[in-house]
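Here are some exercises to work through with the model open beside you. Try each task before you read on to its solution.

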Amino acid sequence: MELRGTTICAVKKDGKIAIAGDGQVTMQNSVIFKDNAIKVRRIYNDKVVVGFAGSVADAFSLCERFEEMLNKFSGNLMRSAVELAQLWRGDKVLRKLEAMMIVADSSQILILSGMGDVIEPTDGVCAIGSGGNYALAAAKALINNTDLSAKEIARKALEIAGQICVFTNGNLTIEEL
């Protein structure tokens, strides 16, 4: 039984960073297994926000490993992300995990993938998951054409994605730094 499906969107604007995620967990691409999962959470003494997409168990495992790296490297987001990416790509068990993460502290947003990627978005907007492209397009339009805050843009981007992507719902969790 494979549990998947989500949309995570991060926005950096006016010194604030917001990460939003929907609550849908889909089983085998055909059944909504849960509609109120929390896939955005604060870690490392509430100084870092993580949003994850992909296989649920894999995402939890990676989130725990990332927090271990933050503890090891005194909260240095980039160093922790690079170390996790190297571990993720090099470890035979971790290499098979199917998930992506967006991580952020008060100054930086990064996307982490199982391919060993650590990507910092150039324009302060990124999204992952099944509705990620929809949320990304919406967030880019909103950040460039409105006066909305980072949190409001992240919320509206997920609402728009939820209207298009069947794997994204309107039950949102939003964390702001």
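**Exercise 1. Contacts and overall build**

Work out what share of the contacts with a separation of 6 or more comes from residues 24 or more positions apart, then describe the build of the chain.

*Solution.* Start with the contacts in this predicted model. Residues 24 or more positions apart account for 60% of the contacts in the protein chain with a separation of 6 or more.

Next, go through the secondary structure: there are four helices and 12 strands. The radius of gyration comes out at 15 Å, close to the 16 Å that the globule rule gives for 177 residues, so the chain is as compact as a globular protein of that length. If you'd like dimensions too, the C-alpha trace spans about 40 × 40 × 25 Å along its principal axes.

**Exercise 2. Inside and surface**

Find what percentage of the residues is buried, and what the exposed surface is made of.

*Solution.* Take the inside first: buried residues make up 50% of the 177 residues. Then turn to the outside, where the chain exposes about 8500 Å². Carbon and sulfur atoms supply 47% of that area.

Now add the charges. The chain has 20 positive and 21 negative side chains. Average the positions in each set and you get two centres that lie 3 Å apart.

**Exercise 3. Salt bridges**

Side chains of opposite charge can pair when their charged atoms come close. Count the salt bridges, then take the pairs Asp22–Lys39, Glu175–Arg42 and Lys140–Asp123 one by one, asking of each partner whether it is buried or exposed.

*Solution.* The cut-off you need is a side-chain nitrogen of Lys or Arg within 4 Å of a carboxyl oxygen of Asp or Glu. By this rule there are four salt bridges. The pairs named in the task are among them.

Step one is Asp22 with Lys39, whose side chains meet at 3.7 Å, N to O. Asp22 sits in the loop between strands S3 and S4, Lys39 in the loop between strands S5 and S6, and the two are 17 residues apart. For burial, the cut-off is under 20% relative accessible area. Asp22 has 0%, so Asp22 is buried. Lys39 has 7%, so Lys39 counts as buried too.

Step two is Glu175 with Arg42, at 2.7 Å, N to O. This pair links strand S12, which holds Glu175, to strand S6, which holds Arg42, across 133 residues of sequence. Glu175 is at 22% relative accessibility and counts as partly exposed; Arg42, at 29%, also counts as partly exposed.

Step three is Lys140 with Asp123, at 2.3 Å, N to O. Lys140 belongs to helix H3, while Asp123 lies in the loop between strands S10 and S11, with their positions 17 residues apart in the count. Lys140 has a relative accessible area of 31% and is partly exposed. Asp123 is partly exposed as well, at 35%.

**Exercise 4. Positive phi in a loop**

Look at the loop between S6 and S7 and work out the phi values of Tyr44 and Asn45, then decide whether each residue is buried or exposed.

*Solution.* Begin with Tyr44, found in the loop between S6 and strand S7. Its phi is near 50 degrees, a positive value in a residue other than glycine. Asn45 is in the loop between S6 and S7 too. Asn45 has a positive phi of about 55 degrees, although it is not a glycine.

Accessibility separates them. Tyr44 has a relative accessible area of 16%, so Tyr44 is buried. Asn45 has 65%, so Asn45 counts as exposed.

**Exercise 5. Far in sequence**

Find how far apart in space the C-alpha atoms are for Asp35 and Leu172, and for Asn133 and Cys165.

*Solution.* Place Asp35 first: it lies in the loop between S5 and S6 and is partly exposed, with a relative accessible area of 44%. From Asp35 to Leu172 you cover 137 residues in sequence, yet 9.8 Å in space, C-alpha to C-alpha. Then check what Asp35 touches: leaving out residues up to four places away in sequence, the list is Gly23, Gln24, Asn169 and Asn171.

Now move to Asn133, which lies in helix H3 and is exposed, with a relative accessible area of 64%. Cys165 is 32 residues from Asn133 along the chain, and their C-alpha atoms are separated by 9.7 Å.

Technical notes:
Residues numbered from 1 in each chain as written. Predicted model: local features only at pLDDT ≥ 70, side-chain atom pairs only at ≥ 80, totals over all residues. Heavy atoms only, no water. Buried < 20%, exposed > 50% of the residue type's maximum accessible area, 1.4 Å probe, protein only. Rg over C-alpha atoms; globule rule 2.2 N^0.38 Å. Contact = heavy atoms within 4.5 Å. Areas by Shrake-Rupley, 256 points an atom, 1.4 Å probe, with all protein chains shown as cover. Lys, Arg positive; Asp, Glu negative; His and termini not counted. Charge placed at Lys NZ, Arg CZ, Asp CG, Glu CD.
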